[in-house]
Amino acid sequence: MNKFLLAAASVVSVILGTASVQAADLAAHYTKAPVMAPVYNWTGFYVGGNVGGQWGSANPATTTLFPVAAYFADSSVTAIGTVGAQHINSSGVTGGFTAGYNWQVNNAVLGLEGDINYFGFKGSASSTAVYPCCAPTTFTVNSSVSADWLATIRGRIGFLATPSWLIYATGGAAIAEVRGNFSFTDTFAGATESGAIRDTRVGWTAGVGGEYAVGNGWSLKAEYLYVDLGRSSMTSNNFNVGVALPAQTFTHSVDLKSNIVRVGVNYKFGGPVVARY
């Protein structure tokens with residue numbers, strides 16, 4: 001009887017040992033499935049704000065003609081054109097609001113974006129020279145240029161360096177009201193002339209940027225834009241030397257170019273969230 005009990009105990013021990021080994025083997029081969037983490041998807045409508053700086057230049061110009069029986073000598077006309085070719089630099093703070101829509105296709109992101117910003121371009125120039133024909137009398141050309149606001153409508157095309165990090169290029173139309181004021185005076189006969197430009201210019205802009213999704217629809221971006229608003233011009237016939245000389249035509253023109261660096265924050269509404277292991 002004792003031999004039988006010992007044999008039975010040995011069998012049970014072997015069975016339990018085998019089961020323990022099998023359980024350990026199963027534990028070694030099977031682990032709990034990982035939790036799926038959400039991945040940001042860029043598709044959707046977004047709004048945001050931006051702030052930064054602009055630095056740019058304008059090249060106002062003043063010229064006149066030499067009609068028959070006019071006030072100016074040929075040499076004076078040439079000198080006015082030379083002195084009237086002026087240059088203005090401007091820099092300042094810019095900031096405003098942005099809205100757009102993105103479409104994500106795999107690792108590519110296509111978008112359309114618009115913004116309206118305070119521009120703050122402002123500057124002036126003044127130059128005086130001696131009449132070549134008639135020293136020591138002189139003439140003076142004054143110019144001022146400003147643009148208070150800037151709007152852009154741009155396409156964006158980019159790629160995802162990571163699911164949360166977008167690198168993009170952008171380009172499209174730039175719109176601003178460019179204002180120029182001009183005046184001419186001299187000491188020969190107290191001559192005066194003035195002109196003004198008020199023109200809503202449609203130019204172009206292009207740049208590059210990066211945007212990083214921080215979660216819950218929010219993203220941060222940094223961007224560089226180059227803006228060229230082209231040249232606008234006007235003519236005047238209000239030249240006066242005590243009496244009006246309307247045959248004397250003056251032409252005034254101005255262009256405006258600017259560089260913009262800014263940072264911003266966007267909030268995206270809705271859009272799908274893709275799960276990834």
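Strands, in the sense used in these legends, are DSSP runs of E at least two residues long, numbered from the N terminus.

**Figure 1. Overview of the predicted model and its order of helices and strands.** The coordinates shown are those of a predicted model, in which the protein has two helices and 11 strands. Followed along the sequence, these elements come in the order α-β-β-β-α-β-β-β-β-β-β-β-β. The protein has 277 residues, and 40% of them count as buried.

**Figure 2. Close-up of Ser-194 in strand S8, shown with Asn-238.** Ser-194 belongs to strand S8, which spans residues 192-215. With a relative accessibility of 36%, Ser-194 counts as partly exposed, because that class lies between the limits of under 20% for buried and over 50% for exposed. Although 44 residues along the chain part Ser-194 from Asn-238, their C-alpha atoms are separated by 7.2 Å.

**Figure 3. The salt bridge between Arg-154 and Glu-223.** Of the salt bridges in the structure, which number 13, the one in this view pairs Arg-154 with Glu-223, and their closest N and O atoms are 3.7 Å apart. Because Arg-154 is part of strand S6 (residues 138-162) and Glu-223 is part of strand S9 (residues 218-236), the pair ties together parts that are 69 residues apart in sequence. Arg-154 counts as buried at 1% relative accessibility, and Glu-223, at 4%, counts as buried as well.

**Figure 4. The salt bridge between Glu-211 and Arg-156.** Here the closest N and O atoms of Glu-211 and Arg-156 are 3.1 Å apart. Glu-211 sits in strand S8 and Arg-156 in strand S6, so this bridge ties together parts of the chain that are 55 residues apart in sequence. Glu-211 is buried, its relative accessibility being 2%, and Arg-156 is buried too, with a relative accessible area of 5%.

**Figure 5. The Asp-255 and Lys-257 salt bridge, and a network of shared partners.** The side chains of Asp-255 and Lys-257 meet at an N to O distance of 3.1 Å. The two partners fall into separate accessibility classes, since Asp-255 counts as buried at 9%, whereas Lys-257 counts as partly exposed at 26%. Elsewhere in the view, salt bridges with partners in common join Glu-113, Asp-115, Arg-154, Arg-156, Glu-211, Lys-221, Glu-223 and Arg-262 into one network.

**Figure 6. The disulfide formed by Cys-133 and Cys-134.** A disulfide is a covalent bond between the sulfur atoms of two cysteines. One disulfide is found in a search of the whole structure, and it is formed by Cys-133 and Cys-134, whose sulfur atoms are 2.3 Å apart. The torsion about the S-S bond is about -90°, so the disulfide is left-handed. Cys-133 is partly exposed, with a relative accessible area of 40%, and Cys-134 is also partly exposed, with a value of 22%.

**Figure 7. The largest cavity and the residues that line it.** Rolling a probe the size of a water molecule over the atoms shows where empty space is left. The count of cavities of 30 Å³ or more comes to one, and the largest cavity has a volume of about 40 Å³. Its lining is made up of Tyr-40, Trp-42, Tyr-46, Asn-102, Glu-211, Gly-217, Ser-219, Asn-266, Tyr-267 and Lys-268, which divide into four nonpolar, four polar and two charged residues. Strand S10 (residues 250-269) gives the most to this lining, with three residues. Glu-211, which is one of the lining residues, is also the salt-bridge partner of Arg-156.

**Figure 8. The largest nonpolar core and the strands that contribute to it.** This core has 19 residues, and those that touch the most other members are Phe-119, Phe-121, Val-145, Leu-150, Leu-229, Val-254 and Leu-256. Two or more residues come from each of strand S5 (108-130), S6, strand S7 (165-186), S9 and S10. Among these elements, S7 provides the largest share of the core, with four residues.

Technical notes: Residues numbered from 1 in each chain as written. Predicted model: local features only at pLDDT ≥ 70, side-chain atom pairs only at ≥ 80, totals over all residues. Heavy atoms only, no water. Salt bridge = Lys/Arg side-chain N within 4 Å of Asp/Glu carboxyl O. Buried < 20%, exposed > 50% of the residue type's maximum accessible area, 1.4 Å probe, protein only. Disulfide = S-S within 2.5 Å. 1 Å grid on protein atoms, 1.4 Å probe; cavity = no way out; pocket = protein on both sides within 12 Å on 5 of 7 lines; lining within 4 Å. Points joined across faces, edges and corners; volume = space filled by probe spheres on them. Nonpolar A, V, L, I, M, F, W, Y, C, P; charged D, E, K, R; others polar. Core = buried A, V, L, I, M, F, W, Y, C linked by side-chain atoms within 4.5 Å.
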